Amino acid sequence: MTNHWIDIKNADVILVMGANPASNHPISMHWATKAKERGSKLICVDPRFTQTASISDVYAPLRPGTDISLLGGMIKYILDNDLIQRDYVLNYTNASCIVSEEYDFDADSGLFSGYDPSKRRYDKTKWKYVSTNGELSEPEKDMTLAHPRCVYQLMKKHYARYDFDTVSKVTGTPVKDLETVYKTFASTHYPDKAGTVLYAMGYTQHLVGVQNIRCMAVIQLLLGNIGVAGGGINALRGESNVQGSTDHGLLFHILTGYLKTPTASMVTLEDYKKVATPKTIGKNSINWWSNTPKYMVSYLKSMYGDNATAENQFGYIWMPRLDDGVDYSWLNIFDAMYEGKIKGCFAWGMNPACSSANTNKVRPALAKLDWLVNVNIFPNETGWFWEDPNLGIKPSDVKTEVFVLPAAASIEKEGSISNSGRWMQWRYKGADAPGDALPDADIMHLIFVELKELYKKEKGKFPEPILNLRWDEYFHHNEVDAEAVAKDINGYFLADVTNAEGKTIYKKGDLVPTFGALLEDGRTSSGSWVYTGSFTQDGKNKSKNRIREKSGIGLNPGWAWSWPVNRRIIYNLAGVDKNGVPYNKNLPVIWWDAAEKKWKGDVVDGPATLPPMAMEGGKLPFIMNEEGLGRLWSTKLEDGPFPEHYEPFESPFDKNPFNKQPFNPASKIFNGPMDKRAISGGSEFPLICSTYRVTEHWQTGVMTRHTPWLLEIQPQIFVEMSEELAKEKGINAGEVVEVSSARGSVLAVAVPTKRIKPMTVMGKTVHTVGLPWCFGWKTANAGDSANILTPNAGDANTMIPETKSFLVNVKKAPGKTLLTDKAPAARRRA
Amino acid sequence: MSNAILVDTTKCIGCRSCQVSCKQSNMLPSEETHLEGRNSRLQNPPVLSAKTFTIVTNYEVDDPKAPGGLKWVFAKRQCMHCNDPACASACPVTALHKQKNGAVTYDSAKCMGCRYCVWACPFGIPTAEWDSLAPRIRKCDMCFHRMVDAAVPAELNGTPLSADTKQLLVNSQQTPACVKACTTGALKFGDRDSLISEAWGRIKASPQNYQPHIYGEKEAGGTGYMYLSAVPFEKIGFRTDLGERSYPSYSATIMKAVAPGSIVLGALLAGIYTVIRRRTEVAANGSKQQKKE
């Protein structure tokens, strides 16, 4: 989130799209209700009339996978009616920047310049600004926005095709609903009005997932809604600590604090600094990532401590590298596992046998492992995959050795979680873990100690990364000291630091107060630079703060601690004009106090000493971008500078009015025997299908299916469909039906409903069905995972699979039942 | 002061947190449920029972004026906590009792198992533990047990509680579990009269969003649970044939006559008995005397 949960109450319009927070983030509705009580409007755009739709002021249905079409239409509506916040767009976005002639878009083919069909990849160097060739190349601008090659005009041209009729034809959304959505949301273009967007997997889990979000970000920039209270682009994270996990380097392509993972071509630390540090564009740009070398060296010092020296490049030589251009994300991991290239796997707090797209590929892939370590709080389908009645392999023939390690649940250990709003909140241990269950860190510790002994004894191929790792100080008697880890994440001074006059300002052993003090020379450490400042020298773990705000706009600076530097709304420098005066005076986030010559309110997004733009030394607000500007046109994504509508991987249509591409031309496609695709526009699988979560179950349901009070409310997999489709197929409510895709089939209880309606798309009637993916065969009578149906085709940038729009068929299944256990009552009792 | 709970169904998102927190607060067992084989709208358990004191019902109601032409209305159902409860009136041993704070509570120590309350309730709420050898009557008690046992710890996470935090915890204990769990403010707990004026305030402030009626303000003589809705109540499963008179009041005249009636009758019978006994004694004495003579 750029903003945070409580800030939702400040919005004048809340657009919920690609999310169903009433079901999946019920607490967010507390704040949405507060906004509604003030007269704010809640818009829900969703293929289904969801629980969120049930309390919305505006509801618009759309065909799954057509978000860019709908949002592209909104961009056109905003531009046609001149509803941009002009001051903001001119000063804080790249609307006025001139784009080089090499950039082009061919509307007929739907391709941008630089496309290589053999690699399904773009050469992104074709997309650049026209700029002077100085040390700080200054982008050429036309502040009248009239230049035919300026971003504003290129955007206008790109979205000219997204007129009401074409958009309605593609999305299936009636024109009057489009008009209502556009008009309502665009009403926030006034400087004192704010619109927020709440999105989740409904945006991301598409071949064009990142572009869905970008399209919305473009709208938010045009309306001046980023950096203000009640605005922003707000990702509703699907797990309580998924924000924390990405902050702390859980993904393959980033280390902690979003530092890039080294690749093979970055041989030395100097190479890394050169390649990973973006070059500043323009003299008014801060380009915060120019600090990358300081953060990287501090990270290495945290990893290897005293073993990291200038001579060994602070241990950079021991860091694991990625092969250049190779993606090591989920779908590729399981593809390699299916190919037999991966021998061992830790499934840690994970249930890929149910959570992964195309589980019919994942489950046999697990059988190709030599060993599998399953760490979880309950038995799950992954650890017991060999028992799966549908695996097609006899349990005695599965050669994989499976180790089950019981873990402590979140309330059985101490530590922090970081919520969607970037708030790091300390949690105290509430109970001891049962039996042999241990906190994850303790399990890792025991494994690490063994491993280190083995490396000491047997040396091995590359022992240094293990032998030189800083480790023992976080553990006492094999138990993790969570606060010691928190301090290390914050970072220490490893030597005295003096100022220009030679006076010592920081002593060796002190905690680093802010990432502004991190150094490139090895005198500081920091496990994750974005968290620097969360643990202070006076012994204060700021994530333990619990002071409720008594007055103000809901920032609650005294409650927990928000990265970075307790800033609650990021890009807040864009929420004030060039003189530091808030665009919305009623809900000021920050403001410049001319008398005291400093910022008041939230922590300013930039150096504390920064003056407003209009003053000497003032800088542009989008400090994480090299050019300091919000990007209406971006050179960073794999699938083009402007979001363009492409049909889903599997679509009921093999043609669309926007372009000739069958689906996102930059997405990686798998071609193995288990990577099956239904032909778009074919008759075998005519129905669109989407998967989703329900309030009662969490992810694959491993935790919640073991909670009888929750299983009681939501006991079985179901498939929702329109009453019209049910009638057409002769399906009754409560009947077990078979849902099948090109990849597999599941049984589910039919739930015909008024909440899904057939749509007319490009002159054809289109039906959508949907299933929750929280069930698994290990729970008696519940049914199996809906991910048996989903395709393992991924987004061009992130490789997140397209589980929100694919093709299926639904058939009656006479005589079939989900009841696997004839006398299950005793097992279900609380 | 009589407490009540206002349910504003226009704010309910159907998250069913109330349903789960009720189970937790009352430590109720789960039920074996299915979707399969019944005409389901994803409601579970299907009905209230001795194991389930509250359920959230949902109804899909066509409404051409609503966004999407549809209203999806969720309503939490449970004991209505009538002002003058028929169950308490029917109970021969006062096991069911309307408390001063508004809750209708049950005392299993007094209950003799006649189940008159089950038949008396116009809302069909009290349920017996049919699978038990010594069945109790079970139903929502507006978390009377929480209010009675309210206990606040001296410290939280090693820090002594501030006065503010202490008050916060006390208030939270004095709130029924379902209301405390409600995310959107669809449930509100407070003084009945103030809730009624607040409810009318909401109706008047946005008449387009509400039916001009508070269900439970007058139904069956007034109830401790009251509802606001955007659609007519009969469309979301509420009985609208109950009238405004409380159920016990229908039988009040005859029931009130029982006590004085039984005294009069008792006195009469005692008198008859005394007279007969005297006569028998007199007759016996007479025969003795005759024998002596």
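# Cavities, a pocket and an interface

The second largest cavity holds about 140 Å³ of space. It is lined by 18 residues, and those closest to its centre are C12(B), C15(B), C18(B), C182(B) and A186(B). Two elements of chain B, α1 (17–26) and β3, each give at least two residues to this lining. By class, the lining of the second largest cavity splits into 11 nonpolar, four polar and three charged residues. All of this is read from a predicted model.

Now the wider count. The structure has 11 cavities of 30 Å³ or more. The largest cavity encloses about 230 Å³. Its lining has 22 residues; nearest the centre are S23(A), Q51(A) and Q714(A) from chain A, with L42(B) and W72(B) from chain B. Three elements supply two or more residues to the lining of the largest cavity: β23 (718–722) of chain A, and β2 (55–62) and β3 of chain B. The classes here are seven nonpolar, eight polar and seven charged. So β3 of chain B serves the largest cavity and also the second largest cavity, by the DSSP numbering of strands.

Next, an open space. The second largest pocket holds about 1400 Å³. Its lining counts 50 residues. Nearest its centre lie S56(A) and D57(A) of chain A, along with P67(B), K71(B) and N209(B) of chain B. Several elements each bring at least two residues to this lining. From chain A these are α2 (28–37), α3 (51–54), β3 (58–60) and α8 (175–186). From chain B they are β3 (70–77) and α7 (192–205). Which element gives the largest share of the lining of the second largest pocket? The answer is β3(B), with five residues. The pocket lining divides into 21 nonpolar, 15 polar and 14 charged residues.

Both chains appear in that lining, which leads to the interface. In chain A, 50 residues are in contact with 42 residues of chain B. The area buried between the two chains is about 3800 Å². Carbon and sulfur atoms give 58% of that area. On the chain A side, W709(A), E712(A) and I713(A) lose the most area to chain B; together they make up 20% of what that side buries.

Charged pairs also cross between the chains. There are six salt bridges between chain A and chain B. In a salt bridge, the side chain of E37(A) meets that of K11(B), at 2.7 Å from N to O. E37(A) falls within the range of α2 (28–37), an element that also lines the second largest pocket.

Over all chains, the structure holds 53 salt bridges. Within chain A, the side chains of E638(A) and K124(A) form a salt bridge, with 2.9 Å from N to O. How many residues apart are E638(A) and K124(A)? They are 514 residues apart, so the pair links distant parts of the chain. E638(A) sits in the loop between β21 (598–601) and β22 (687–692). K124(A) sits in the loop between β7 (121–122) and α6 (151–158).

A last point concerns confidence. Chain A has a mean pLDDT of 96, and 99% of its residues reach 70 or more. One stretch of chain A, residues 823–830, stays under 50. For this stretch the model has 20 contacts beyond four places in sequence.

Terms used. Residues are numbered from 1 along each chain as its sequence is written. Chains are lettered from A and ligands numbered from 1 in the order in which they are written. This is a predicted model: local features need pLDDT of at least 70, side-chain atom pairs count only at pLDDT 80 or more; totals for chains, interfaces and linings use all residues. Side-chain values use heavy atoms; hydrogens and water are left out. On a 1 Å grid over the protein atoms alone, a cavity is a set of points where a 1.4 Å probe fits but cannot get out, and a pocket is an open set with protein on both sides within 12 Å along at least five of seven lines; lining residues have an atom within 4 Å of a point. Grid points are joined across faces, edges and corners, and a volume is the space filled by probe spheres set on the points. Helices (H or I, at least four residues) and strands (E, at least two) are DSSP runs, numbered from the N terminus. Ala, Val, Leu, Ile, Met, Phe, Trp, Tyr, Cys and Pro count as nonpolar, Asp, Glu, Lys and Arg as charged, and the others, Gly among them, as polar. pLDDT is the predictor's confidence in each residue, from 0 to 100. Contact means heavy atoms within 4.5 Å. Buried area is the accessible area (1.4 Å probe) that two parts lose on being put together, summed over both. A salt bridge is a side-chain nitrogen of Lys or Arg within 4 Å of a carboxyl oxygen of Asp or Glu.
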